[in-house]
Amino acid sequence: MSQIPAVLADAVVYASWLFVIAVGLTLIYGVMKILNIAHGSLYALGAYSAVTLAGGWLAKGYAPLGSYAMLALAALLVGLIAGPVIERGLLRFLYAKDEIVLVLVTYALFLILEDAIKLTWGVDPMFVAEPYALLGNFEIAGLTYPTYTLVLVAAAIVVGLALWWALGFTRSGKMLLAVIHDREMSAAMGVNVGLTYFVTFTIGAFLAALGGALTAPTISVVTGMGAEVIVTAFAVVVIGGLGSLGGAALGAVIVGLVRSAAVHYQPELELFSIYLVMAAVLIARPKGLFSGAEVRKI
Amino acid sequence: MSVHRTSVALVAAAGALLALGPVIPNWAVSLVNVSLGIGVVVLGMMVLMRTGLVSFGHGLYYCLGAYAAGLASNRFGAPDMLAMVAGGALAALLVSAVLGLLLAKYREIFFAMLSLAFSMILYGLLVKSADLGSTDGFNVHAKSIAGFAVEGDAHRLGVYSVIVITAALCALLLDAYLRSHRGRLAEAIRDNELRVEYMGASVFATVHLNYVISAVLAGVGGALMAIHIGHIDPEMTYWPQSGEFVFIGILSGTGSVFAPLLGSVVFETVRSYAYEKSPDTWQMVLGVTMLMVIVFLPGGLWSLASRLRGRPDSARTGG
């Protein structure tokens, strides 16, 4: 039997997951010009919080369906606490630094958060599989998939549409685009750039945590998961073009397809192929597939 | 030409370390080995940083150097430390000469990302190559130095001496290069590429050369670490390892070839101390240290030294 339907179905699931994580990363880069390595830690924080909250909920014997609300709550909590704390407490003092120095700042933050996670949750793997199994399975093109994967896909679509609407059709979204385009000019026109940064980072942190919270039921939550996810997310945003939302979607689809094809046809090439595509795109179009021409500034 | 002060100091320091070798305790030998092995890689980071570039993928050459050394000893029947170091340098030279042609056109975040992609390609290959031990890597045994077999205590002292001498040689050569005409172009390129071009120097050739130099240093460092640890695995090219090199580079500063070597000693000391005192929070200690350096000491530890001597920084890090 042809493997193509399976390849495509897996690609959709994987791409959805990647998109939720990568879109937050690219949003933060677009607005703040910070390539946030700590995004991986926020993802891990979301996953750990989800295990604690959903696990606690189920352990108390409440309605199992409520565990989904707990996943969302975990993401919200991480986004609303860690995001503002990091942006107000650290990053806002460093905006004047070089782009590459800011990457190092977030790397330091990544190291700090990794240990904070270990201190809070320990080093043993954690599980909360119930939300994954609860919805049962469904069949598509002769393949059986857990219905939970539809939650992931739906989340990606909702996040994508919400961002598209918010940026294109609301007043604050348009101000955000103005800040992306020219920070100084926007500030001169009266846009509160500081507030924009604050809100952007919080939303980005929430999206990272959401990715983690939604993934938590499907995997064993272990230390080091942040390091693994962030470098894949880098591949996604670099392929699409740093700072471009459409690019994040395209990058997620490309990486999803490449990985899924590799897993089905040549499993040993799984990681290799993703970064090969990343390198190839950087070589052919350094600013990513979704980039326009840029005015040269000397 | 008179002999430069730095060269004299380097030779003196290496001589002192060699003389101390037989008397210092094991932990100190190990600290020197690791610090200098990593220090050689950070020398490479320094060349790049002077050129205004930060690579998030130098683990690529570190790992290549280590695997070349490992294969030289295990597969090609050359378990000689000098042959292994030469193998590491050669592998890094060949790969970087080719990749450098691409990378020399990239700057800033794009340079960092493309280097990252290349290092992760190697990672992806290594974790899946069962022949090379996949994620476990394999053990490496260096059995001789320049043909003379070494065992037991002589082996310990031999590894130490090879590392000290290699690191000192790398620093000497690099120092001479950085003081040469082309070496001085690095900082000019960091400050303003266009002017360098207008004055008739080739930015591309200089960046390419500096990239290859930094890669060879990383390869040598990888080979030294393979000899010291006796084991290599794909984690050497995983991105946190590359991040660590950048970290030590920033911590050290780029003012002198001494900076990366000393910075590396400081880093390893802090790490082993933090690891021993609080095994659960050593990364946190490193992270906080790094933030403090970025905020309070943007020129790295070396800028502290020049400040104490009442001189302005001769070379700051970018940013």
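Colleague: What follows α4(A), and is its phi positive or negative?
Modeller: A:G122 comes right after α4(A), and its phi is positive, near 80°. Helices here are DSSP runs of H or I with at least four residues, numbered from the N terminus. This is a predicted model, where local features need pLDDT of at least 70 and side-chain atom pairs count only at pLDDT 80 or more, while totals for chains, interfaces and linings use all residues. Residues are numbered from 1 along each chain as its sequence is written, and chains are lettered from A in the order in which they are written.

Colleague: How far apart are the end C-alpha atoms of α4(A)?
Modeller: They are 32 Å apart, which agrees with the 33 Å that its 23 residues should span at 1.5 Å a residue; the expected span is 1.5 Å times one less than the number of residues.

Colleague: Switching to the contact: how many residues come from chain A and chain B?
Modeller: Chain A puts in 34 residues and chain B 37 residues, counting two residues as in contact if their C-beta atoms, placed from the backbone, lie within 7 Å.

Colleague: Which helix gives the most on the chain A side?
Modeller: α4(A), with 16 residues.

Colleague: And what does A:Y275 touch?
Modeller: Leaving out residues up to four places away in sequence, A:Y275 touches A:A235, and from chain B it touches B:A117, B:M120, B:I121 and B:G124.

Colleague: Last one: how close do the axes of α1(A) and α11(A) come?
Modeller: Within 7 Å, crossing at roughly 145°; axes are lines fitted to C-alpha atoms over the stretch in contact, with angles from 0 to 180 degrees between N-to-C directions.

Definitions and conventions:
Helix = DSSP H or I, 4+ residues; strand = E, 2+ residues; numbered from the N terminus.
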